[in-house]
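Work through the following exercises with the sequence and the structure side by side. Each task is followed by a solution that goes step by step.

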Amino acid sequence: MMLSSGSIAVNGDPVSREKEKNGALIDVGNGTLKPRVEKKKLVKNVISEELEVLWDDGYGTDSVKDYLDAAKEIIKPDGGPPRWFCPVDCGCPLKGSPTLLFLPGIDGLGLGLILHHKPLGKAFEVRCLHIPVYDRTPFEGLVKFVEETVRREHASSPEKPIYLVGDSFGGCLALAVAARNPTIDLILILSNPATSFGRSQLQPLFPILKAIPDELHGAVPYLLSYVMGDPIKMAMVNIENRLPPRIKLEQLSNNLPALLPRLSVMSDIIPKDTLLWKLKLLKSASAYANSRLHAVKAEVLVLASGKDNMLPSEDEAKRLNNSLQNCIVRNFKDNGHTLLLEEGISLLTIIKGTCKYRRSRKLDSVADFLPPSRQEFKYAFDQVVGLLRVASSSVMLSTLEDGKIVKGLAGVPNEGPVLLVGYHMLLGFELYSLVEEFLREKNIMVHGIAHPEIFLGRLENSSNEFGMTDWLKVMGAVPVAARNLFKLLSTKSHVLLYPGGAREALHYKGEEYKLFWPEQQEFVRMAARFGATIVPFGAVGEDDIADLVLDYKDLMSIPVINDYVRELARDTVNIRDETRGEVANQALFFPGLLPKVPGRFYYLFGKPIQTKGREVSLKDKENANELYLHIKSQVERCLDYLLKKREEDPYRNIIDRTAYRAVYGDEVPTFKLD
C-alpha cells in the first residue's frame, strides 16, 4: 500500500512523521518528492541490471481499497500547487530505466497507478502528478508544468525515452505536451483518453449538476464512481483466477462489503465546486488536445474499455488510431472507464506485449527484454492457453549424454548458450507447452525466433484485444534476424529455432511431420562461433487435435478468399529473399481446421551436440553442411520415435486422461520408455 501506511508526503509535509524519520520521501525542490535512501542501500539495491526469470512483480497485492484509503490522506488541503511524487511502493528500478510520468484523471490525486506501482517500479523511474482538490490551475498551466519536467528529463538523459501515462483527462494532457514537443522521444500510453469528452454519454446530465443543492451533492460522486468503474471488477483485483468458483465467490463477497463503504470518500475527492471546475477543465483539455493531434509525433498506445459508461472510448480509440501518425490500440471489452483500477492485466505486461518498452532511442528486442514475472506466467498459461494446455497434456522427454531417454528435461543443458532446433507443428501449436515446461521445470527462459509479422501488428485480430501475439512477445519471442540470434547466443541464452519456419507451420494436407529446411546452414556456424550446444527435437500431436481441411491450395481456389490471401501475401515481409525452393517466402494464411477429440502432444529432445572448440572446422562449408544434415536427421529420428511410441500410450485420448485424473490426480502416465 501507499498512503495508508504513511509512505507519501505532500508538498514536503510528511503524512506520517515516523515515516519521514525512516526516510520514505524527501522534497528535492519544485514540489518534487523522491525516496530518501541510505547510501549503503543505494549501492546494493539500485544498481541492478536485470530481473530474474519468474520474478515477483507484486501485481494484485494492492487494490481499490488501498486507493481509497490513500485518498483520505492525500486530499487534505494544504494550499499547495500541483506537484510530483514518487510512490515508495515502486522501489528501486533497474539500472538505466527510463522515466515514467503518470498524469491522473478527473480525480487529480495521482494514485491511479496504485495497482501497478510494484511492477512498474522495476522498469521505470515512476513519478505521479498530484493536483490538489482545490487547485484551480488552468489546463495550459498544467501543460506547461508537465512540459518543464519533460524538458528537464530530456536534457539530463537525451538518449532515453520519456513515458507519459495519461488516464482520461491525463490523456489530453499527454497529447498536448507531445504536440508541443515533437523532437523529444516520448511514448504515450493513453487509458480511455478524454479527447472524446464532447461525445460523452453523460453530456445531457452535466447542466443538471449545477442545479443540485449542496446538501444532495454528496451522492453525486458516489453515483459517478459506479458510472466510471465496475465495482465487481475492482473487488476482483486480488483474487486469483485459478481458484475454484466457490472460493472466488467467497473472497468477492468479503471484498465488496469492505470496498463499498470506502466509496463515500469520493465526495471529498470531488466536492461540488471542484466537480464543476473539472468539467470545465475537461472541456478545454479535450478541445486543446484535439486541435493539435496533427502535431503529435510520439509513439502512442491507446487502451480502450468496452464498457466505459462515461466516454465512447472504443470509438475514440479508432479515431485516434486514424488521426495520429504512430498509434496502436488495445481494447479491453469487459472493463469500465477506470481501466487501471480494475481486474485485468498489469500495465507493465501491456507495455511489454506491445513492444513499447525500451531504454534507448531504438528498441533492442534482446537488450530491452524483461523476463516474465510469476504473475504473468500464471495468467498466460492458465487463462490464455489454459484450455490447449489441459487438452494436450504434453509429455516431455529428453536424451542424456549416454543416449538414455528420460522423462522431463534433464537431458537439456542448464547452461547456455543452447540452440533448440526442431520441427514446427501446424500453427506452432507446440510452442506454448515447450516454453511453459522450460520455465516450470528448469526456470529457463526460451527465446523463440519468430516471424517479423508478429511484431508488425498486421496479424492482430480486428478486435485489437491484447491477445496471443502480444503474449508471445511477453514470453520471449524475438524477430528472426541474424543480429538477434547473435545477441542471444552471446548472452548465453536458450534459443528456439525452426529452420522450416512458416513453411512447416503452414504445411499442406498430407505433409504432417515432414521437414522443409533451407539449404543454408548459417545457424550451425553461428552456434559454433559461441560454442553453443545444439539440441535437436521433435514434437508430434497436431493431427490429434485437429484435421487440416483447407490448406493454401484449397483457399486459393475459393473466390474472394483468394483475393484476401493474395493481399496478405503482398504486405508480408520476406525474410528469405535469397532462399530457393519450397521454404522460400511462404505466404501467410490461416488454414481451415476441423477440431477433433483431443489426443496428446509428445516432445523428444535428442542428444545434445557440442560445437565448442569446432569453430574453425565449421567455418568450412562442407563440414558445416555435414553437421547440418546430421541435426536434421536427428530431428527426423525424434519424430519417428514419437509417432511410433505414442501408439503405445494408454492415455493418449483425453477421455482416458480425464478418468485417470478423477481417480488418481493430475500426473497422467504415458508409454514405457525404452
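**Exercise 1.** Locate Pro 417 in this predicted model, and determine whether Pro 417 is buried or exposed, which residues Pro 417 touches, and what the peptide bond from Gly 416 to Pro 417 is.

*Solution.* Begin with the position along the chain: Pro 417 belongs to the loop that runs between strand S13 (405-407) and strand S14 (418-422). Next, consider the accessibility: the relative accessible area of Pro 417 is 5%, and because the limit for buried residues is under 20%, Pro 417 is classed as buried. Then list the surroundings, leaving aside residues up to four places away in sequence: Pro 417 touches Leu 489, Lys 492, Ser 493, Phe 530, Gly 531, Ala 532 and Thr 533. A C-alpha distance adds to this picture, since Pro 417 and Ala 527 are 110 residues apart along the chain while their C-alpha atoms are separated by 8.3 Å. Finally, inspect the backbone: the peptide bond from Gly 416 to Pro 417 is cis, with omega near 0°. As background, most peptide bonds are trans.

**Exercise 2.** Describe how strand S8 (residues 162-167) is covered, which strands pair with S8, and what the handedness of the crossover from S8 to S9 is.

*Solution.* Start with the burial of the strand: six of the six residues in S8 are buried, and the strand is mostly covered. Now separate the two faces, recalling that side chains in a regular strand alternate between the two faces of the sheet. Ile 162, Leu 164 and Gly 166 are on one side of S8, Tyr 163, Val 165 and Asp 167 are on the other, and all of these residues are buried, which leaves both faces covered.

Turn then to the neighbours. Strand S6 (residues 99-103) pairs with S8 in the parallel sense over five bridges, and in this pairing Thr 99 stands opposite Ile 162. Strand S9 (residues 186-191) also pairs with S8 in the parallel sense, over six bridges, with Ser 191 of S9 as the bridge partner of Asp 167. The last step follows the chain from S8 through helix H6 (residues 169-180) to S9, a β-α-β crossover that is right-handed.

**Exercise 3.** Examine the phi angles of Ser 168 and Leu 427, and place each residue in its loop.

*Solution.* The point of reference is that most residues other than glycine have a negative phi. Ser 168, in the loop between S8 and H6, has a positive phi near 55°; with a relative accessible area of 5%, Ser 168 is buried. Leu 427, in the loop between S14 and helix H17 (431-442), has a positive phi near 60°; its relative accessible area of 25% makes Leu 427 partly exposed.

**Exercise 4.** How many salt bridges does a search of the whole structure find, and which parts are tied together by the pair Arg 180 and Glu 147 and by the pair Asp 649 and Arg 600?

*Solution.* The search of the whole structure finds 32 salt bridges. One of them joins the side chains of Arg 180 and Glu 147, at 2.9 Å from N to O. Arg 180 lies in helix H6 and Glu 147 in helix H5 (residues 139-156), so this pair ties together parts that are 33 residues apart in sequence. Their accessibility is to be read separately: Arg 180 is partly exposed at 30%, whereas Glu 147, at 5%, counts as buried.

For the second pair, the closest N and O atoms of Asp 649 and Arg 600 are 3.0 Å apart. Asp 649 lies in the loop between helix H26 (621-645) and helix H27 (654-664), and Arg 600 in the loop between strand S20 (592-595) and strand S21 (602-605), so the pair ties together parts that are 49 residues apart in sequence. Here Asp 649 counts as buried at 7% relative accessibility, and Arg 600 counts as buried at 2%.

To complete the account, note that Lys 645 and Glu 648 also form a salt bridge, at 2.9 Å from N to O, in which Lys 645 is buried at 5% and Glu 648 is partly exposed at 42%. In addition, a network of salt bridges links Asp 543, Asp 544, Arg 646, Glu 647 and Arg 652.

Technical notes. Residues are numbered from 1 along each chain as its sequence is written. This is a predicted model: local features need pLDDT of at least 70, side-chain atom pairs count only at pLDDT 80 or more; totals for chains, interfaces and linings use all residues. Side-chain values use heavy atoms; hydrogens and water are left out. Buried means under 20% relative accessible area, exposed over 50%, partly exposed in between (1.4 Å probe, protein chains only). Helices (H or I, at least four residues) and strands (E, at least two) are DSSP runs, numbered from the N terminus. Two strands pair if DSSP finds at least two bridges between them. A crossover is right-handed if, with the strands pointing away from the viewer, the path from the first strand over the helix to the second runs clockwise. A salt bridge is a side-chain nitrogen of Lys or Arg within 4 Å of a carboxyl oxygen of Asp or Glu. Contact means heavy atoms within 4.5 Å.
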